[in-house]
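Colleague: I am new to this one. Please take me through one part of it closely, and then show how the rest connects to that part.

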Amino acid sequence: MSQNFDVIVIGAGVIGVSTAFHLAKRGLKPIILERKQIGYGATGSSSGLVRMHYDLEVESQLAWESFQYFRNWGDRVGGECGFRRTGFLHIEPTHHETQLHKNVEMQQRIGIPTSIITGADVKKIAPYFKTDDIAFAAYEPESGYADATLTANSFLTAAKELGAVYMQDCEVTAVQISGGKVTGVQTTRGDFSAPIIINAAGAWAGKLSDLFGVSIPLGTWTHDVVHIRRPAHIVDHLAVIDSSLGMYFRPDSGNLTLVALEDDTRFDEPAEKELGYVARDFVDRAIDRICMRIPAMEEGSLHSSHVGRDGITPDQRAIIGQTGPEGYFLATGFSGTGFKIAPAVGLCLSELILDGRSKTIDISGFDPMRFARGEQLKGENNYGFIWRSAST
Ligand SMILES: Cc1cc2nc3c(=O)[nH]c(=O)nc-3n(C[C@H](O)[C@H](O)[C@H](O)COP(=O)(O)OP(=O)(O)OC[C@H]3O[C@@H](n4cnc5c(N)ncnc54)[C@H](O)[C@@H]3O)c2cc1C
């Protein structure tokens, strides 16, 4: 016999649990169905950068709204998210200087604490950095990073306290649709019914969406990360997206620095494929790259490396919204950047479901059907795609 709920959320990544939390807060009774365990997908391997610098205004808005959660986590959600304020620097190649200025102006209009600083200013706040190639950078003094697994677990705990139900080892294998409306799902742990079903299945969401008769252009993005033990005299540093050198890095606990590359992506590996280990030359390339920005890292040593995988769309922006049978919603395709916006995505999706539109931030641009119409989201002052494969 089927158990009844108000909403079925498929996937206990940070997006699914944030959405369940916000729905439960509004009085609904959601069930979260997870084929493995919470954080099994991209969330569990996320680098956790929390910053507001984007070239698309709605993404900056989502990041800024989410930031109100990260910095007031105990009051907003309860428990911990592991947010640590380190300051954040966004470096673009010099040919993007105009875009950088305009994007910072856009973010300042939103209310985000950010400014343009010079290479000399960078040297003052990051004395270990080599800065002679930096004319300008965007600086966010309040930003930093958080612990994605802890964040997801806190959302889940809070959602359960509000009445949500969580089932792990519970894979959705079939869906029920009647009269053009979703009615429920079949899983490896029985049947569940609800008039609303949210596909928050990360890299697996494309195959799942096919079951609803809705095809989405979702590929996969497989991403390598390395942790380096810093030489003892580099006590701490900023979190940085360094698009000039094609990498991002941030400090981590235990005197470690996390480094990943923008041009190390393996696109479209099957979502089911074992993550395995990092690409053959990745660690050497990442160490070379970080030494170009922090030369003293040459005295560092390798700590560890890992691989993660997210869903990616053709415009490298999320798919959020309703399409196909009535009651079917998607929140997927976060393209390697979804962690920091997860609180606001859950809030906005709960508004879309309960109020018919998202009032806090207009998320209609993430419409799942934009690709079918031949449209793609593009930054107003576009930097181009973040992620590139190593061979291009
Ligand atoms: C290595 C790495 C580094 C990253 N760094 C950052 C960063 O610094 N900042 C940032 O903002 N973002 C970052 N991201 C991106 C961010 O982590 C993801 O966008 C975000 O975690 C996606 O969350 P999700 O809930 O959509 O998906 P996931 O976390 O992948 O969760 C989806 C869940 O659905 C489950 N599932 C799938 N199919 C089924 C089914 N049929 N039935 C039941 N359950 C199912 C899966 O088991 C999984 O647990 C990074 C991602 C990776 C991989």
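Colleague: Which polar backbone atom is 2.9 Å from an oxygen atom of the ligand? Please start there and work outwards.

Modeller: That backbone atom belongs to Ala42. A polar contact here is a pair of N or O atoms within 3.5 Å; within protein, one must be able to donate a hydrogen and the other to accept it, and residues adjacent in sequence count only if both atoms are side-chain atoms. First, some ground rules. This is a predicted model: local features need pLDDT of at least 70, side-chain atom pairs count only at pLDDT 80 or more, and totals for chains, interfaces and linings use all residues. Residues are numbered from 1 along each chain as its sequence is written, and side-chain values use heavy atoms, with hydrogens and water left out.

Back to the ligand. A side-chain N or O atom of Lys340 sits 2.6 Å from a ligand oxygen. A ligand nitrogen has a backbone N or O atom of Val172 at 3.0 Å. Taken alone, the ligand exposes 1000 Å², and the protein buries 98% of that. These areas come from the Shrake-Rupley method with a 1.4 Å probe; for residues, only the protein chains shown count as cover.

Now the shell. The ligand is surrounded by 39 residues, counted when one of their heavy atoms lies within 4 Å of it. The closest are Glu34, Thr43, Leu49, Asp310 and Lys340. By class, 19 are nonpolar, 14 polar and 6 charged. Ala, Val, Leu, Ile, Met, Phe, Trp, Tyr, Cys and Pro count as nonpolar, Asp, Glu, Lys and Arg as charged, and the others, Gly among them, as polar. Helix 1, helix 2 (42-45), strand 15 (219-229) and strand 20 (301-312) each give at least two residues to the shell. Helices (H or I, at least four residues) and strands (E, at least two) are DSSP runs, numbered from the N terminus.

Take helix 1 next. Its 12 residues run from 14 to 25. From first C-alpha to last, helix 1 reaches 16 Å, close to the 16 Å expected at 1.5 Å a residue. The expected span is 1.5 Å times one less than the number of residues. Helix 1 is largely enclosed by the rest of the structure, because 11 of its 12 residues are buried. Buried means under 20% relative accessible area, exposed over 50%, and partly exposed in between (1.4 Å probe, protein chains only). Among the buried residues are Val14, Phe21, His22 and Leu23. Gly27 follows helix 1 and has a positive phi, near 100 degrees.

Helix 1 also leads to the largest nonpolar core, as one of the elements giving two or more residues to it. A nonpolar core is a set of buried Ala, Val, Leu, Ile, Met, Phe, Trp, Tyr and Cys residues joined through side-chain atoms within 4.5 Å. This core has 58 residues, and Leu62 and Ile198 touch the most other members. Other contributors include helix 3 (57-70), strand 14 (196-199) and helix 10 (342-355). Helix 10 supplies the largest share, 8 residues.

Finally, helix 3. Its end C-alpha atoms are 20 Å apart, and its 14 residues should span 20 Å at 1.5 Å a residue. Helix 3 is mostly covered, with 12 of its 14 residues buried. Leu62 is one of those buried residues, and so are Trp64 and Phe67.
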